[in-house]
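Biologist: I would like to go through this model slowly, one part at a time. Could you spell out your criteria as they come up?

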Amino acid sequence: MKYNIEKINQIGNLLAEVVEEALEMKGQEEVLIGEIEMVLRESLLKTGNSALQCFLENADRKIEAEIECACGGRLKYQRRREATIWSVFDKVSYKRAYYAGCTCGKGCAPVDQRYGIEPGKVTSGLARLVSLCGIKEAFDGSRKSLKEFLLFEVSENTVRAETQKMGELQRQADLELIKETQNESSLHTCPVGKREQSQEPAPEVLYGSIDAATPALAGGAREVRIEPRNEKEKAVEDREKWRDLKIGCWYEGEMVPQSRQSTRQKDKAQRAEVVLRAKNQKYFCDIEVAEQFGKLFWATGCAAGADRARILVFICDGAIWIWNLIAHYYPNSIQIVDWYHAADRLLRIAKEAFANPDERQAWRERVTEDLWQGRVELVIEACQALSMKSDLARQSLAYYGDNIERMRYAHFRAAGYFIGSGIIESGCKQIVTQRLKISGAQWNVDGAILTAKARAAWLSNDWEKLVKTRSLFPLAA
Ligand SMILES: [Zn+2]
């Protein structure tokens, strides 16, 4: 945006005088830069407050005797009526023309309509900041952070309400997407309208991962405490742990240039592994049964270009419901069991089966190498041989046996695919561990879902989209 620099400089000069006077009045001998900045920020806040009031009051200086009502009837001018909004410049009160007297009984302030203002409510400018804090820390902590940034108080309830409103907008967007895609049963008929609109080139290789953040998986000691909404949910809870937050991610991979590789990545490069990093991550999440979550999985896949990608690769940690969803919606995809889960299991088997550290080490190194080379049959044989000594080895026969084709790691590496599901684990960590499970957090189901969805939108770089929808909120409602 372009500004009139001359006027800005005039305001700057005036503000400098205001700050100087304010500091003089304090009568302090020494003033440091931090204090000057603080006084200046407070003055700017008040300036912004005054400017916003002026702007809104100047916006309808021209008053009509009558205007048309939304119902088609006529509204008569009443008077300039005061309204208050909560903006980034604190509480702003302004007087604007108010019309009433239509037979429908509704009144109207054209200025509010024009700018999407809801009197008595938080503006979208303040909402974007308040909700951003709300997805990053506990609502109470957000209140304190916001005071630092904004220089005025926002209540904990406002933070909660605005954060969840963002989540609600994301939920609406999810439902909309599901509606658009639910009648389509194959990739070839993925919503055509969407495809034509999209200017994005088709991803060559698109990756997908799904996980459920159970407290144990996310590695936290504290459980996500969620109360059931009703008796029906309590009954479901007995059958299925549906209150886990299910999270999915669509992403692409790109080569990391040598100059930007971390030490760990350089190690990888030396072992002739492809060094990939994820880009364009799109996270989606819900607390839902697998079948319902599948619809979101399908819908977001259409939006991410799963229909246009030449190769579709799924990397997951191997829960049955996840492979079932993938088989149902994307039967022709490449499926990979997360390397780290598969290798870690060998470590645990070795620990259980061998008391002698040398034997343990030797077994683990040999079998891990077999797994690395995709010789899963040899891994199964090795587990079979230990099945009398180790329960885990015996249980793992099915794990490796059911996933033979999903563990051809040499082949996957040669093709240049990711073999680890780090992206989805990072998503679980960022959404669940770092937000839903932080100290002081207690949720009902909806609160947890909405906060998680808002945070997923932020992680997916979809925040701006939500903010735009939010700014249309009073008009859309
Ligand atoms: Zn009317």
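Biologist: How many bridges join strand β8 (residues 311–316) to β9?

Modeller: The model is predicted: local features need pLDDT of at least 70 and side-chain atom pairs count only at pLDDT 80 or more, while totals for chains, interfaces and linings use all residues. Residues are numbered from 1 along each chain as its sequence is written, and side-chain values use heavy atoms, with hydrogens and water left out. Helices (H or I, at least four residues) and strands (E, at least two) are DSSP runs numbered from the N terminus, and two strands pair if DSSP finds at least two bridges between them. One residue of β8 to look at is Ile315, whose bridge partner in β9 is Ile336, and the two strands, which run parallel, are joined by four bridges.

Biologist: Which strands stand at the edges of the open sheet of five strands?

Modeller: The pairing in this sheet is mixed, and the strand order is β7-β6-β4-β8-β9. An edge strand has a single partner, so one side of it is left without a neighbour in the sheet, and this applies to β7 (276–286) and β9 (334–337).

Biologist: By what angle are neighbouring strands of this sheet turned against each other on average?

Modeller: Axes are lines fitted to C-alpha atoms, for helices over the stretch in contact, and angles between N-to-C directions run from 0 to 180 degrees. With direction ignored, the average turn between neighbouring strands here is 25 degrees.

Biologist: Which helices pack on this sheet, touching β6 and β7?

Modeller: Contact means heavy atoms within 4.5 Å. A helix covering residues 422–436 touches β4 (205–213), β6 (245–255) and β7, and its direction makes about 135 degrees with that of β6; this is α18. A second helix, residues 445–459, also touches β6 and β7, with a direction at about 155 degrees to that of β7, and this is α19.

Biologist: Where do the buried residues of helix α15 (residues 376–386) fall when seen down its axis?

Modeller: Buried means under 20% relative accessible area, exposed over 50%, and partly exposed in between, with a 1.4 Å probe and protein chains only. The buried residues of α15 are Val376, Val379, Ile380, Ala382, Cys383 and Leu386. Taking the directions from the helix axis to the C-beta atoms, these residues lie within an arc of 160 degrees, so they line one face of the helix.

Biologist: What covers those buried residues, and which residues on the other side of α15 are exposed?

Modeller: The cover includes α13 (339–353), α14 (357–372) and α16 (391–402). On the other side of α15, the exposed residues are Glu381 and Ala385.

Biologist: In the open sheet of three strands, how many bridges does the pairing of β2 and strand β3 (residues 90–100) have?

Modeller: This sheet has antiparallel pairing and the order β1-β2-β3. Strand β1 (residues 66–68) and strand β2 (residues 74–87) pair over three bridges, and in β2 the partner of Ile67 is Leu75. On the other side of β2, Trp86 stands opposite Lys91 in β3, and the antiparallel pairing of β2 with β3 has 11 bridges.

Biologist: Which residue takes a positive phi in the hairpin of β1 and β2?

Modeller: The hairpin of β2 and β3 has two residues between its strands. In the hairpin of β1 and β2 there are five residues between the strands, and the one with a positive phi near 100 degrees is Gly72.

Biologist: Why is the arrangement of donor atoms around the zinc ion called tetrahedral?

Modeller: Donors are N, O and S atoms within 2.8 Å of the metal (3.2 Å for Na, K and Ca), and water is not among the atoms, so sites may look incomplete. The zinc ion is coordinated at 2.2 to 2.3 Å by the SG atoms of Cys69, Cys71, Cys102 and Cys104, with the spacing C-x1-C-x30-C-x1-C along the chain. Four donors count as tetrahedral if all angles lie between 85 and 135 degrees. The arrangement is called tetrahedral because the four donor atoms subtend angles of 96 to 118 degrees.

Biologist: Is Arg96, which lies in strand β3, buried or exposed?

Modeller: Beyond its neighbours within four places in sequence, Arg96 is in contact with several residues, including Asp60, Glu82 and Asp112. Its relative accessibility is 5%, so Arg96 counts as buried.

Conventions
Tetrahedral: all angles 85-135°; square planar, octahedral: opposite > 155°, others 65-115°.
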